[in-house]
Amino acid sequence: MKRKTLMIMFSAVILMLIFTGCKTEDKSSETPSGNIADKEADIIGEIIDVSYENTLRVLIDSTDGSINGQVWVTINDETVFINAEGKTFVPEDSKALFEIGENASMLSNGTVMESYPMQTSAVLVFID
């Protein structure tokens, strides 16, 4: 009898966990919500290298954003470009937008790999 009661209680707990269990949201494919022009860059600094091996990566010496230090930023198909007027646009050649010695402002996806240099992906790229 005790065994049957324990099995019923265990089953009830499992069912409760299944129906009210932890929900995980996949935010990897989300685009920034709200007014894109209101977003602020967390990586701001001088471009010190540009690499294109299968994907465009920009090495920035970030000194003015909330992420400071050298960081490789991956620019991919999901990256949104914003011009000086706050409007989004699709560049014909995104590689041509990044030149060594120029300043760059970007918003990361929030995930920064703590290697040296750090690594992240850009959600937004602000172009003046």
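# A selection tour, starting at Asn-54

At 79% relative accessibility, Asn-54 counts as exposed, because the cut-off for exposed is over 50%. Select Asn-54 first. The model is a predicted one. Asn-54 sits in the loop that links strand E1 (43-53) to strand E2. Check its backbone: phi is near 75°, a positive value in a residue other than glycine.

**Zoom out to the whole chain**

Switch to cartoon. The protein chain holds one helix and seven strands. Read from the N terminus, the order of elements is α-β-β-β-β-β-β-β. Colour by accessibility next. Of the 128 residues in the protein chain, 29% are buried.

**Helix H1 and its surface patch**

Select Phe-10, Ile-14 and Ile-18. Together they make a nonpolar patch on the surface. Their combined accessible area is about 310 Å². Stay on Ile-18 for a moment. Ile-18 belongs to helix H1, which spans residues 2-20. Its relative accessibility is 58%, so Ile-18 counts as exposed.

**The loop after H1**

Move on to Glu-40. Glu-40 lies in the loop between H1 and E1. Is Glu-40 buried or exposed? Its relative accessible area is 65%, so Glu-40 is exposed. Now draw a C-alpha distance from Glu-40 to Phe-126. The viewer should give 9.1 Å, for two residues 86 apart in sequence.

**Phe-126 in strand E7**

Keep Phe-126 selected. Phe-126 is part of strand E7. Its relative accessible area is 19%; buried means under 20%, so Phe-126 counts as buried. Add Lys-87 to the selection. Phe-126 and Lys-87 are 39 residues apart in sequence, and their C-alpha atoms are 9.9 Å apart.

**Met-106 in strand E6**

Select Met-106 next. Met-106 is in strand E6. Its relative accessible area is 0%, so Met-106 is buried. Then pick Leu-124. How far apart are the C-alpha atoms of Met-106 and Leu-124? The separation is 5.6 Å, across 18 residues along the chain.

**The cis bond before Pro-117**

Follow the chain from strand E6 (103-108) toward strand E7 (118-126). Pro-117 is in the loop between these two strands. Show the backbone at Tyr-116 and Pro-117. The peptide bond that joins them is cis, with omega about -5°.

**The second largest pocket**

Last, turn on a pocket surface. The second largest pocket encloses about 230 Å³ of space. Which elements give two or more residues to its lining? They are strand E2 (55-62) and strand E4 (80-82). The lining of this pocket has 14 residues. To centre the view, select Ile-75, Asn-76, Asp-77, Phe-81 and Ser-94, which lie nearest the pocket centre. Then colour the lining by residue class. Eight lining residues are nonpolar, five are polar and one is charged.

**Back through the stops**

For a final view, save three selections. Keep the exposed loop residue Asn-54, with its positive phi. Keep buried Met-106 with Leu-124, their C-alpha atoms 5.6 Å apart. Keep Tyr-116 and Pro-117, joined by the cis peptide bond.

Key. Residues are numbered from 1 along each chain as its sequence is written. This is a predicted model: local features need pLDDT of at least 70, side-chain atom pairs count only at pLDDT 80 or more; totals for chains, interfaces and linings use all residues. Side-chain values use heavy atoms; hydrogens and water are left out. On a 1 Å grid over the protein atoms alone, a cavity is a set of points where a 1.4 Å probe fits but cannot get out, and a pocket is an open set with protein on both sides within 12 Å along at least five of seven lines; lining residues have an atom within 4 Å of a point. Grid points are joined across faces, edges and corners, and a volume is the space filled by probe spheres set on the points. Helices (H or I, at least four residues) and strands (E, at least two) are DSSP runs, numbered from the N terminus. Ala, Val, Leu, Ile, Met, Phe, Trp, Tyr, Cys and Pro count as nonpolar, Asp, Glu, Lys and Arg as charged, and the others, Gly among them, as polar. Patches are made of residues with over 30% relative accessible area and no salt bridge: like charges are joined within 9 Å, nonpolar side chains (Val, Leu, Ile, Met, Phe, Trp, Tyr) within 5 Å. Accessible areas come from the Shrake-Rupley method with a 1.4 Å probe; for residues, only the protein chains shown count as cover. A salt bridge is a side-chain nitrogen of Lys or Arg within 4 Å of a carboxyl oxygen of Asp or Glu. Buried means under 20% relative accessible area, exposed over 50%, partly exposed in between (1.4 Å probe, protein chains only).
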